[in-house]
Amino acid sequence: MTDEIEFPSYNITNICNRRNRMYLAVLKYKGHIVKGDVYNTIVDILHQNLPDNILRSTVEKSVRSLLNKEFTKELAFQTAWRLAANTDQLLLQQPVLAPIGQLKPEWMPAQIISVSNDHNNGRFAYRLGFHILAGNMAGNKVFQSWSTKKCFYLATVRDGKNLGFGFGKHRQNKKGEQVGSLLFYSPQQYYGLRCYLLLEGDNLFQPRIKSVGHSPSTFNYNKTLITRRDREKTDCLLNLPNNPECHTCPMGENQCSIALRPLSLVIVDCPRCGKREFKDPKDFDYPELCMKCVDITRKELVL
Ligand SMILES: [Zn+2]
């Protein structure tokens, strides 16, 4: 069934570059109510930053839902992203409207933007957040919980075209030494990787993930990132002492561009274990506890 749904090919770099150009160009209207001259100018700017041969009227119909709304940063970004991600449809002079939901199954490229602990139907799991990069849901986020077993399975498995997330398998030689490379140790290593998602609508047309797939482009993107994060292949980007493995490093993207989390971990005096330990400032459930104790507390809740 999933094989029958067309697997589109998107140039994600071009989409993101165009999105950023359009977003920065319309951002000066942040905080304005979209009407009259403001509306017309926003339409003009978006139109000028899209490929030639897209009619202004097609762009105008695509963004009519902005009328009389306050033009927030988020709305500007979403609008720029939606148009940049769907230029093929615009070139056919078909307006690209803000999605009301996912009406039919569609493959879309996505980037993993969060990996957090979760319990799913009473079992400990990892909750992955995906930002949709192109297609109907471009600019939206979807989430799914994966068991530890699923995380490890999907990390190394390859499809019929030898594509996957791109991690290597653990292999030992006769002396028992590890000879595999680009290895997967922790679900946190999914952070920042790309894949395709087959999204379908539930009975309220809200998108949910039916299947995960890969293209040569997402595979190569991941391989490059995984290689840069692997100390067997590449030294620490920040030249930190002892050349730490990225999946054990407390840095966030605020300090290192290939980090495995948005914000660096911070140190707390944890009242549960009595130690000075790391905590993730993005995890709000147990603000006073260290990461290890948050983990233990969550697992205890599941049992
Ligand atoms: Zn603790």
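Trainee: N68, is that buried or exposed?
Mentor: Exposed. This is a predicted model, and in it N68 has 9 other C-beta atoms within 10 Å. The cut-off for exposed is 12 or fewer, so N68 qualifies.

Trainee: Where does N68 lie?
Mentor: In the loop between helix 3 and helix 4.

Trainee: What about the phi of N68?
Mentor: Positive, about 70 degrees. And N68 is not a glycine.

Trainee: OK, on to N53. What is its phi?
Mentor: About 80 degrees, so to speak on the positive side, and N53 is not a glycine either.

Trainee: Which loop holds N53?
Mentor: The one between helix 2 (36-48) and helix 3 (56-62).

Trainee: And does N53 count as buried or exposed?
Mentor: Exposed. N53 has 9 C-beta neighbours inside 10 Å.

Trainee: Switching topic. How is the protein chain divided?
Mentor: Into domain 1 (2-91), domain 2 (106-228) and domain 3 (265-303).

Trainee: What separates the centres of domain 1 and domain 2?
Mentor: 28 Å, taken over C-alpha atoms.

Trainee: How many residues does each give to the contact?
Mentor: Domain 1 gives 14 residues and domain 2 gives 14 residues.

Trainee: Which elements of domain 1 give two or more residues to that side?
Mentor: Helix 1 (12-26) and helix 4 (73-84). Helix 4 supplies the largest share, four residues.

Trainee: What classes of residue are on the side of domain 1 that touches domain 2?
Mentor: Nine are nonpolar, four are polar and one is charged.

Trainee: Now helix 7. What span should its 13 residues have?
Mentor: Helix 7 covers residues 216-228. At 1.5 Å a residue, the expected span is 18 Å. The end C-alpha atoms are 18 Å apart, so the two agree.

Trainee: Which residues of helix 7 are buried?
Mentor: T218, F219, Y221, N222 and I226.

Trainee: Where do they sit around the axis?
Mentor: On the same side of helix 7, because they cover an arc of only 165 degrees.

Trainee: And what is exposed on the other side of helix 7?
Mentor: P216 and T224.

Trainee: Let me recap helix 7. T218, F219, Y221, N222 and I226 are buried, and P216 and T224 are exposed on the other side.
Mentor: Right. For the loops, keep N53 and N68 in mind: N53 has a positive phi of about 80 degrees, and N68 has one of about 70 degrees.

How values were computed. Residues are numbered from 1 along each chain as its sequence is written. This is a predicted model: local features need pLDDT of at least 70, side-chain atom pairs count only at pLDDT 80 or more; totals for chains, interfaces and linings use all residues. Domain bounds come from an automatic or database domain assignment. Two residues are in contact if their C-beta atoms, placed from the backbone, lie within 7 Å. Ala, Val, Leu, Ile, Met, Phe, Trp, Tyr, Cys and Pro count as nonpolar, Asp, Glu, Lys and Arg as charged, and the others, Gly among them, as polar. The expected span of a helix is 1.5 Å times one less than its number of residues. A residue is buried if 20 or more other C-beta atoms lie within 10 Å of its own, exposed if 12 or fewer, and partly exposed in between; C-beta atoms are placed from the backbone. The arc is that of the directions from the helix axis to the C-beta atoms.
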